[in-house]
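Please open the model in your viewer and keep the selection tool at hand. The tour below goes from empty space to packed side chains, one selection at a time.

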Amino acid sequence: MNVIGSRPDGWWRDRAGAIERLVGELDRWAGGVEEAVTVMLEHEPRRPLAAEHVEVAWAPQAGRNAADGEILRRLDGWLAEGPVTIVTSDRDLAGRGRARGAEVEPASAFRRHLEDS
């Protein structure tokens, strides 16, 4: 939601649609990069999300910062496979991720990068 929320385009009127659009954009972008890409959602999407190049995952438990917690839970496994970049605007997640060895890219910077690709 950090990436979606970095552009005030009315996404809050249609959260499900905003998530679908983001997954589509990420999937197109990920088709041209070598890295594995996971988009972590706060909860299971209402409709299946089609993605060929992106893993769509979600927090198993709902609640405040549920997706952040799931990212941190998976982080050591991802780091064992290679470098990891967490895209977030959340200071706590960024700090905790960096402390464990991940790189961090601000959501707004990633959004611009995604749109320029």
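**The largest pocket**

Begin with α3, which gives the most to the lining of the largest pocket, with six residues. This is a predicted model, and α3 itself can be selected as residues 66–81. Next, select Thr 38, Val 39, Thr 85, Ile 86 and Val 87, which, among the 37 residues that line the largest pocket, lie nearest its centre. The volume of this pocket is about 1200 Å³.

To see the walls, add the other elements that each supply at least two residues of the lining, namely α1 (2–5), α2 (15–30), β1 (37–41), β3 (85–87), β4 (103–105) and α5 (107–116). If you now colour the lining of the largest pocket by residue class, you should find 22 nonpolar residues, seven polar ones and eight charged ones.

**Two cavities**

Turn now to the enclosed spaces, of which a search of the whole structure finds two of 30 Å³ or more. For the largest cavity, select Ile 4, Arg 7, Asp 9, Trp 11, Ala 18, Arg 21, Leu 22, Glu 25 and Arg 111, which together line a space of about 60 Å³. The element that gives the most to this lining is α2, with four residues, and by class the lining of the largest cavity holds four nonpolar and five charged residues but no polar ones.

For the second largest cavity, with a volume of about 30 Å³, select Met 1, Arg 15, Ile 19, Leu 41, Glu 42 and His 43. Its lining divides into three nonpolar residues, one polar residue and two charged residues.

**The nonpolar cores**

Which residues of the largest nonpolar core touch the most other members? Select Leu 22, Leu 26 and Val 39, which hold that place among the 19 residues of this core. The elements that give two or more residues to the core are α1, α2, β1, β2 (54–58) and α5, and α2 gives the most, with seven.

Stay with Leu 26 and show its surroundings: leaving aside neighbours within four places in sequence, Leu 26 is in contact with Val 39, Val 54, Phe 110 and Leu 114. Finally, select Met 40, Ala 57, Leu 75 and Ile 86, which are included in a second, separate core of 10 residues. Of these, Ile 86 was already selected at the start of the tour, as one of the residues nearest the centre of the largest pocket.

Definitions and conventions: Residues are numbered from 1 along each chain as its sequence is written. This is a predicted model: local features need pLDDT of at least 70, side-chain atom pairs count only at pLDDT 80 or more; totals for chains, interfaces and linings use all residues. Side-chain values use heavy atoms; hydrogens and water are left out. On a 1 Å grid over the protein atoms alone, a cavity is a set of points where a 1.4 Å probe fits but cannot get out, and a pocket is an open set with protein on both sides within 12 Å along at least five of seven lines; lining residues have an atom within 4 Å of a point. Grid points are joined across faces, edges and corners, and a volume is the space filled by probe spheres set on the points. Ala, Val, Leu, Ile, Met, Phe, Trp, Tyr, Cys and Pro count as nonpolar, Asp, Glu, Lys and Arg as charged, and the others, Gly among them, as polar. A nonpolar core is a set of buried Ala, Val, Leu, Ile, Met, Phe, Trp, Tyr and Cys residues joined through side-chain atoms within 4.5 Å. Buried means under 20% relative accessible area, exposed over 50%, partly exposed in between (1.4 Å probe, protein chains only). Contact means heavy atoms within 4.5 Å.
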